[in-house]
Amino acid sequence: MLKKSILLLLGLSCSLLSFAQTDLARWELRSQNTEIIRDQWGIPHVYGKTDADAVFGLLYAQCEDDFNRVEVNFIVSQGRMAEVEGSNQLYADLRMKLYIDEEVVKKEYENSPEWLQELMDAWADGINYYLYTHPETKPKLITKFEPWMALTFSEGSIGGDIETISQTDLKKFYDKDFGNNLTLTERNFDEEPKGSNGFAISPSKTKNGNALLLINPHTSFYFRPEVHMVSETGLNAYGAVTWGQFFVYQGFNEFNGWMHTSSKADAIDHFALTVEEKEGKYQYRFGEEWRPLEEKTIKLKYKENDQILEREITAFYSHHGPVIREESGKWIAISLMVEREKALTQSFKRTKTRNHHEYKSVMNLKTNSSNNTVYADRDGNIVYYHGNFVPIRNPEFDWKGVVDGSNPETDWKGLHRLEEMIYLHNPTNGWIQNCNSSPFTAAGPYSPKPSDYPSYVAWDQENARGLNAVRVLTGKKDFTLESLIETAYDPYLMAFEPLIPSLFQAYENLSNKNPNKAKLRNPIQVLRDWDKETHAESVGTSIAIFWATQLLADTRTLERPENVYVFDFLAEHASDEMKISALEKALERLENDFGTWKTPWGEINRFQRITGNIAPEFDDSKASLPVGFTSSQWGSLAAFGSRPYTNTKKWYGNVGNSFVAVVEFGKTLKAKSILAGGQSGDPSSPHFDDQAEMYSKGVFKDVNFYRNDVEKHTAFQYKPGEKQTLQQN
């Protein structure tokens, strides 16, 4: 499987000579057809004659705001991170290169329709023109972006399907003896939830008779900036774009809006292969025949000191997909969606749809594999799609586990139609919600029924946010943008509904002779007086979260049935001793870290942005802001995943509400939004943290969507390559 290592010279110089005069002439022509207006918040409103011109300007503007994040996303997507960070990234790179073959992707680019090629050309031109006009910017690795590279990152999710593959398992299978001391970072599925909330409200439930949409992704902060891209050929999309991509991922145009929430609709399967070696070649059994495993040499480069070294690994592929590990003597292959050109087409085309019929036609491309969609439009439609890529399978097999890849009955049998994947269109209750939760509560009593679908269509379990969303939406009417924001930031923590009473019972069960009875009396009274709402001034919030966090840690060994709501399970099955012990530990930690257990939540829970680095840095000695909302795992609809770091006592947020927007689809579109921190990744920019205080309080800004509003709030107006000139308004 492994071939010899080859020593190469390190050559990471940024060569502007690689840009030809023909490139410069093309860029300057594009620049003349493009205009960028930065509003008072630094948001780029990019206007182009064509869609390609708008893409060119958008990428130029993104690079101005944070070239580092643009480049890193495409270093990762091409499987080249080890060339920057060293051998600890080798198997993350191998994971990508199982699917990203440069020569194959180049051919896909060449075979793409002309309109898409033009967008990819403009994408590369926008980044390269930025590098040409900003020689002070030193790329880590990619000194010239090529159009085909856009296909390597064609869908904007924070954790793509490929990331489910274990780096450790890849190393054990393909490269066991190399780098025994390497530290490999696996995706931690128990970490702070990364997901999203999406609400759609029908005209029957709104004050103005217009559909409303909440766009509330929960990602690592600064994962997406806020942008607006407009062309004279029908493009007018506003929202969040993943750094380096040329389509608005979660956002809206004048006619409709789309919000993606992470899905557990089954889009990935693992197949156990029976493999034999004959005459130096591997083959696997399929039915009554033996098929040869395809062998592919993958070259992996990695940095070591001042050199670039290279390893060659021979990867194996069955018709199910690449082999990713060995298990109980079987080789395990993985099947997942690999449709780069179709995915990029779907990602861009949905931003230009004008009604639900057009949007659904784009959804029929079926490449938004890891996401649900909550949709609303100016015609008053509200719609929910659970997943978008769901293979048809034989329901007799257990698709949660590994299936027998030698049995032809386990082969995928095409894809489910949209309606078969769970589809809601204008439910009678007048609202739709999804919070990475069960689709069977998406519309209250008018939700789909589990019995109508194969089980693999929705593995999603109910969570505290989903329960909370149903609670806050049920029975409400006369929604406005402002009341939708208030609803999306409702402070109630649903997780504590079953937990807190169970703690009180455990306390009451203590003998009066037990010293804990008196010791815990005052904290218990604070919790009795607490309304289960999270606020910066609340001591009850601090005690409850420290206690529940400790209880979760102390009960990890308890076996919980998969379909049981976690907080009901803990309330019922965690012993009284566990609950009391967790409370003692929580109070002790509060006293040790903050001097007293009577510490309000906002003194602990903080927002801070002090560097533009991708890896966050925090410092208790530097300024920060109190935040009242909490981790989404407790049911906080407004998510703020915080924790202490090795050098801090205070808890700092780095994941949760990032870009948030509410939209009203009337004859004139109205929208409000907020970003974590600000638009720019440059600490010297006024837009590095100019939205931070508003963000910490859940206060939104008005979106400048129409040209007239943009011009009223213009701070800078320029063409790519020109010096930004401050506008006086």
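These exercises work through a sheet, the nonpolar cores, aromatic pairs and a helix.

The model is predicted: local features need pLDDT of at least 70, side-chain atom pairs count only at pLDDT 80 or more, and totals for chains, interfaces and linings use all residues. Residues are numbered from 1 along each chain as its sequence is written, and side-chain values use heavy atoms, with hydrogens and water left out.

**Exercise 1. Work out the strand order of the open sheet that holds β12, and find which strands stand at its edges.**

Step 1. Fix the terms. Strands (E, at least two residues) and helices (H or I, at least four) are DSSP runs, numbered from the N terminus. Two strands pair if DSSP finds at least two bridges between them.

Step 2. Read the order. Three strands form the open sheet as β11-β12-β13, with antiparallel pairing.

Step 3. Find the edges. β11 (275–278) and β13 (289–292) each have a single partner strand, so one side of each is left without a neighbour in the sheet. From one strand to the next, the twist averages 40°; axes are lines fitted to C-alpha atoms, for helices over the stretch in contact, and angles run from 0 to 180 degrees between N-to-C directions.

Step 4. Inspect one pairing. β12 (residues 281–286) joins β13 over four bridges, in the antiparallel sense. Arg285 is opposite Trp290, and Phe286 is opposite Glu289. Two residues lie between the strands of this hairpin, where Gly287 has a positive phi near 65°.

**Exercise 2. Which helix gives the most to the largest nonpolar core?**

Step 1. Define the core. It is a set of buried Ala, Val, Leu, Ile, Met, Phe, Trp, Tyr and Cys residues joined through side-chain atoms within 4.5 Å. Buried means under 20% relative accessible area, exposed over 50%, and partly exposed in between (1.4 Å probe, protein chains only).

Step 2. Pick out its hubs. The core has 112 residues, and those touching the most other members include Val55, Trp123 and Phe246.

Step 3. Name the helix. α2 (residues 51–77) gives the most, with 14 residues.

Step 4. Follow one residue. Beyond its neighbours within four places in sequence, Val55 is in contact (heavy atoms within 4.5 Å) with Leu119, Ala122, Trp123, Met229, Phe246 and Phe348.

Step 5. Set the other core apart. A second, separate core has 58 residues, among them Ala240, Ile432, Ala442 and Leu675.

**Exercise 3. Classify the aromatic pair of Phe178 and Tyr302, and say which parts it ties together.**

Step 1. State the rule. Rings of Phe, Tyr and Trp (its six-membered ring) pair if their centres lie within 6.5 Å; planes under 30 degrees apart are stacked, over 60 edge-to-face, and the rest tilted. The whole structure holds 49 such pairs.

Step 2. Apply it. The centres of Phe178 and Tyr302 are 5.8 Å apart and the planes are at 65°, so the pair is edge-to-face.

Step 3. Place the rings. Phe178 is in the loop between α7 (167–174) and β4 (195–201), and Tyr302 is in strand β14 (residues 294–304), so the pair ties together parts 124 residues apart in sequence. Both residues are buried.

Step 4. Take another case. Tyr489 and Phe629 are edge-to-face, at 5.6 Å centre to centre and 85° between the planes. Tyr489 is buried at 15% relative accessible area, and Phe629 is buried at 8%.

**Exercise 4. Against which helices do the buried residues of α16 pack?**

Step 1. List the residues. In α16 (residues 566–573), Phe567, Phe569, Leu570 and Ala571 are buried.

Step 2. Name the partners. The buried residues pack against α10 (464–473), α12, α15 (539–554) and α17 (576–594).
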